[in-house]
Amino acid sequence: MSQAGPILFVSDAERPAFLAALDEARLFPVIDSDWASAARAVEQVQPAVVLAAMSGEHEPHMAALATKIADQSPYLPLVALDAAGALPHNALPFSSRSGNSDRLIARLRAALRVRTLHATVMRRLPEAKVALPEGDPVRDATVLLIGRGSAYPALSVALGERVGVVGALSIEAAAKHLNTREIDGVVLAEGFTARVTDAFLTVLAEDTRFRNLPVVVTAHQLAQSYDLPNLELIPGEPAKVAANALPLIRQRAMEGQMSRTLRSIDAGGWLDPRSGLLTVEAFARDFAKAVEQTLARGGGLSVARFAFDPGNSRAQLDAARILSRLMRQMDFGAAQKDGSVIVVFAETDFRTAHMIARRLSAVMRHTSNGKHEMRSDPVVSVDSLSPSDTARSLLARLSADASRAAS
């Protein structure tokens, strides 16, 4: 994969031997800078990626460099080699523990893909009726925390202060979550044997859906190497694990945000880049059309409404993302302004719609969001189109059913 721009290597020491492999991998040229001139070098060199060796006298310069890099557009990856302490929010950790340059090359390529995606979105945005979601993408991220040890509750709190956390006490439960929802990172904590850890990482590496996921292992030395470019071993206190896992999770969340934005641009702005579902306006238009066609042609049309505590906007977003992933191709939905999510099941009778809605709400129930462990238990109401209905009367009945169910 070619890249626009060189690699800036920041260090006050000798170049490590594995950097030679970057030239061989055609990830070049590599331009050197010391820490004192690093921020200036970013401006002069216009790098595609910055690689910083975290040894020696970097401390006073790191914060300034990270801030400078965070302001760049398109996304400029900053990879921190062998950091001992907690990293700035945009510095991706990388331990060169085995001198294995293949891991570094894979990490850089994964980061450069996100940069290319961001550049594509920036190029296409001016012609589109789409706005990039604002704010830090990590606040919309969901992390899968797998573990059974004593550190598990503390890790859950440390991660939950910044992202949504889905907990799993077993590898089987974790596999189910990976298949049903959009996960932006996996933290594998203690409680599993080396053999179980190895089997889990091997399965992730063999599935293209999960290969670029950030995977943080806290409790094992990893003897094997896996085809997982964003796999990192981060032992230590839960706060340190969370701080150093977050930059990888943020990059993944940003990648998801960019992919949804591109899909929205391709759909003429009718998709919401945050949720992946239709915008409210597009939903109203498509729903009116679907009701009209069903009444003219006959057949079934059912609607489900998932309502959440209005104070828990994160639960609505999680639900919308789960639905956009699990809905059938012929169904459509949107996150509504009242905090609910409505899904239309085409060609579906009431009984089947009820069964599908129950299954979907069971998936939603498993996320706790942030510090307060707010559960995401939706109030679900389901209704079907009758011959005397209009789009408006069906939606009104659905909302009335929901408020009856809630009271």
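**Close-up views of a predicted model**

**View 1. Helix H8 helps to wall in the largest pocket.** H8 supplies the largest share of the lining of the largest pocket, giving six residues. This is a predicted model, and the pocket holds about 710 Å³ of space. How many residues line the largest pocket? There are 28, and if you want to find the centre, look for Glu182, Arg260, Arg263, Ser324 and Arg325, which are the closest to it. Besides H8, helix H10 (313-326) and strand E12 (332-335) each give two or more residues to this lining. Sorted by class, the lining has 11 charged, nine nonpolar and eight polar residues. As a general idea, rolling a probe the size of a water molecule over the atoms shows where empty space is left.

**View 2. The second largest pocket also borrows from H8.** Here we move to a space of about 410 Å³. Its lining is made of 20 residues, and those nearest the centre are Ala70, Tyr75, Pro137, Arg250 and Met254. Helix H3 (59-70) and H8 are the elements that give two or more residues to this lining. Which of them gives the most? That would be H8, with six residues. As for the mix, 11 of the lining residues are nonpolar, seven are polar and two are charged.

**View 3. Helices H4 and H8 pack against each other.** Two packed helices are described by the angle between their axes and the distance between the axes. For H4 (residues 101-124) and H8 (residues 238-266), the angle is about 35 degrees and the axes are 10 Å apart. Is the crossing left-handed or right-handed? The crossing of H4 and H8 is left-handed. On the H4 side, look for Arg107, Ala111, Val114, Leu117, His118, Thr120, Val121 and Arg124. They meet a set of H8 residues that includes Leu248, Gln251, Met254, Met258, Leu262 and Ile265. Taken by class, this contact has nine nonpolar, five polar and four charged residues. You have met one of these H8 residues already: Met254 is among those nearest the centre of the second largest pocket.

**View 4. Some backbone oddities sit in loops.** Most residues other than glycine have a negative phi, and most peptide bonds are trans. Now zoom in on the bond from Ser73 to Pro74, which is cis, with omega near 0 degrees. Pro74 belongs to the loop between H3 and strand E4 (78-81). Next comes Gln46, with a positive phi of about 50 degrees even though it is not a glycine. You'll find Gln46 in the loop that joins helix H2 (38-45) to strand E3 (49-53). Asp82 is not a glycine either, yet its phi is positive, at about 55 degrees. This residue lies in the loop between E4 and strand E5 (91-94). Is Asp82 buried, exposed or partly exposed? Its relative accessible area is 39%, so Asp82 is partly exposed.

**View 5. Thr279 is tucked into a loop after H8.** Look in the loop between H8 and helix H9 (280-297), and there is Thr279. Its relative accessibility is 16%, and because buried means under 20%, Thr279 counts as buried. What does Thr279 touch, once its neighbours within four places in sequence are left aside? It is in contact with Gly269, Trp270, Leu271, Asp272 and Ala334. Ala334 falls within strand E12 (332-335), an element from the lining of the largest pocket in View 1.

Note on methods: Residues numbered from 1 in each chain as written. Predicted model: local features only at pLDDT ≥ 70, side-chain atom pairs only at ≥ 80, totals over all residues. Heavy atoms only, no water. Axes fitted to C-alpha atoms, helices over the stretch in contact; angles between N-to-C directions. Helix = DSSP H or I, 4+ residues; strand = E, 2+ residues; numbered from the N terminus. Left-handed = near helix turned anticlockwise from the far one by under 90°. Contact = heavy atoms within 4.5 Å. Nonpolar A, V, L, I, M, F, W, Y, C, P; charged D, E, K, R; others polar. 1 Å grid on protein atoms, 1.4 Å probe; cavity = no way out; pocket = protein on both sides within 12 Å on 5 of 7 lines; lining within 4 Å. Points joined across faces, edges and corners; volume = space filled by probe spheres on them. Buried < 20%, exposed > 50% of the residue type's maximum accessible area, 1.4 Å probe, protein only.
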